[in-house]
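User: I'd like to learn how to read the strands and helices in a model like this one. Can you walk me through it?

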Amino acid sequence: MHIVLQLIPKKYLIGGALILLGLSGLLVMSTIVAITGEFESDSQQSDVTEIEGGGIGVGTANVSPEVMRYQPLLEKYAQKHGLDASYVPIMMALMMQESGGRGNDPMQSSESYCNGTVGCIKNPELSIDKGVLHFKSVLEKANYDLKLCLQSYNFGPGFINYVMKNGGKYTPELAISFSQLQYQEVKHTGKYHCVRPEMIPYGACYGDAKYVDAVLKYYTGTITADGKPAAPASSGSGGKSGVKVIDAGKTLIGKTRYVFGGGRSQSDINAGRFDCSSFVRWAFEQVGMNVGPMSGVTTDTLKTQGQAINPKDMKPGDVVFFDTYKIDGHVGIYVGNNQFLGCQGKTGVAIASMAKGTYFGERFNGRVKRF
């Protein structure tokens with residue numbers, strides 16, 4: 001081989017090397033474009049992010065970025081423990097009150113996990129695992145009375161027994177009276193003091209008797225008279241309004257191009273620049289449905305909204321998710337016949353196949369939401 005190289009003029013060797021180098025560069029660039037073409041924007045979040053929830057726990061949680069980062073773990077452990085993912089927004093509000101998402105025990109789960117010992121959990125994921133499990137346990141014992149569940153998360157399950165003996169329904173007055181009784185039993189230890197000055201005249205210094213209000217200030221939604229979160233009032237995007245969403249979205253076919261982070265300003269929209277989540281948001285906006293702020297919509301905010309639907313029950317207008325560069329990295333609107341409408345990297349807004357064996361068919365993760 002060395003002899004052959006000696007026989008080839010140097011100018012040809014140099015020219016060949018430059019050609020190979022150029023081809024390698026083109027290959028790398030095309031690979032990067034192919035990958036980033038499917039990327040969904042992870043646009044910067046503001047200090048407080050609105051997170052929508054659907055199904056059983058319809059509402060919006062306003063949480064800090066520190067809490068927001070734990071959303072995937074809350075969803076993971078909700079699924080592990082058999083808790084409807086629609087409760088994730090209310091648990092995010094709870095975490096906001098407990099810790100603001102800071103520290104090694106963001107859900108303050110140590111006491112429930114370690115039989116009253118404070119500070120035994122040193123890992124945020126373990127805190128979330130045990131916190132979700134404890135939340136579910138308390139929720140079930142409270143017969144799904146959300147306010148009773150929240151107050152018992154703070155007081156302990158003994159509050160549930162107290163409420164069941166005194167009318168069976170959470171009231172702020174019962175929270176205060178329970179705090180008074182418990183404080184009388186423990187005040188001699190000197191370990192307890194009123195976390196709220198307004199509770200001092202009542203002697204209600206055990207736990208936080210206003211914990212429900214404290215959590216719900218981070219949560220906007222409807223809770224029915226029996227304490228249960230309200231369910232969706234209509235068939236949502238999977239009904240007639242779903243067809244309207246598709247019709248609205250189709251008007252952009254052939255008129256847009258995919259831009260990473262696009263669609264988050266009016267000038268982008270006017271110029272036809274969208275990414276997948278901003279297009280979905282735009283399509284729903286055209287039929288009068290607000291699924292998140294223009295500047296902050298991502299696949300991660302969209303997936304917390306709406307009602308979870310079994311893929312076998314998908315209808316036109318339902319929102320479908322795909323695992324591309326990350327879990328739930330791409331999103332589109334189902335149109336029927338194993339097809340969806342979305343803004344893709346190579347085509348802009350277009351109808352694409354999600355049938356088995358296709359690119360998106362292999363990446364469809366089974367997450368379907370009805371807004």
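Analyst: Sure. Start with what pairing is: two strands pair if DSSP finds at least two bridges between them. Keep in mind that this is a predicted model.

User: Okay, so what is the bridge partner of glutamine 339 in β10?

Analyst: That's serine 353. The strands involved, β9 and β10, run antiparallel and are joined by six bridges. Between them is a hairpin with three residues.

User: And how many bridges link β8 and β9?

Analyst: Three, again in the antiparallel sense. Tyrosine 334, for instance, has phenylalanine 340 of β9 as its bridge partner. The hairpin here has two residues between the strands, and asparagine 337 in that hairpin takes a positive phi near 55°.

User: Which strand order does the sheet have?

Analyst: Read across it and you get β6-β11-β7-β8-β9-β10, an open sheet of six strands with antiparallel pairing. Its edge strands, β6 (307–308) and β10 (348–353), each pair on one side only. On the β6 side, the neighbor is β11 (residues 364–370), paired in the antiparallel sense over two bridges. Alanine 308 stands opposite lysine 369 of β11 there.

User: What about side chains in a strand, as a general idea?

Analyst: In a regular strand they alternate between the two faces of the sheet.

User: Why is β9 described as largely enclosed?

Analyst: Check how many of its residues are buried, where buried means under 20% relative accessible area. For β9 that's five of the six residues, so the strand is largely enclosed by the rest of the structure.

User: Which helix lies across β7, β8, β9 and β10?

Analyst: Helix α14 (residues 276–285) does, running at about 45° to β8. The other strands there are β7 (319–322), β9 (339–344) and β10, while β8 spans 330–336.

User: How do I read two helices packed together?

Analyst: Two packed helices are described by the angle between their axes and the distance between the axes. Try α4 (residues 71–80) and α7 (residues 124–141): their axes come within 9 Å and cross at roughly 45°. The two helices are therefore oblique to each other. As for handedness, α4 passes α7 in a right-handed crossing.

User: Which residues of α4 and α7 make the contact?

Analyst: From α4, you have Leu73, Leu74, Lys76, Tyr77, Ala78 and Lys80; from α7, Glu125, Ile128, Asp129 and Val132. Sort the residues of that contact by type and you get six nonpolar, no polar and four charged.

Technical notes:
Residues are numbered from 1 along each chain as its sequence is written. This is a predicted model: local features need pLDDT of at least 70, side-chain atom pairs count only at pLDDT 80 or more; totals for chains, interfaces and linings use all residues. Side-chain values use heavy atoms; hydrogens and water are left out. Helices (H or I, at least four residues) and strands (E, at least two) are DSSP runs, numbered from the N terminus. Contact means heavy atoms within 4.5 Å. Axes are lines fitted to C-alpha atoms, for helices over the stretch in contact, and angles run from 0 to 180 degrees between N-to-C directions. Buried means under 20% relative accessible area, exposed over 50%, partly exposed in between (1.4 Å probe, protein chains only). Angles under 35 degrees count as roughly parallel, over 145 as roughly antiparallel, 65 to 115 as roughly perpendicular and the rest as oblique. A crossing is left-handed if the near helix is turned anticlockwise from the far one by less than a right angle, and right-handed if clockwise. Ala, Val, Leu, Ile, Met, Phe, Trp, Tyr, Cys and Pro count as nonpolar, Asp, Glu, Lys and Arg as charged, and the others, Gly among them, as polar.
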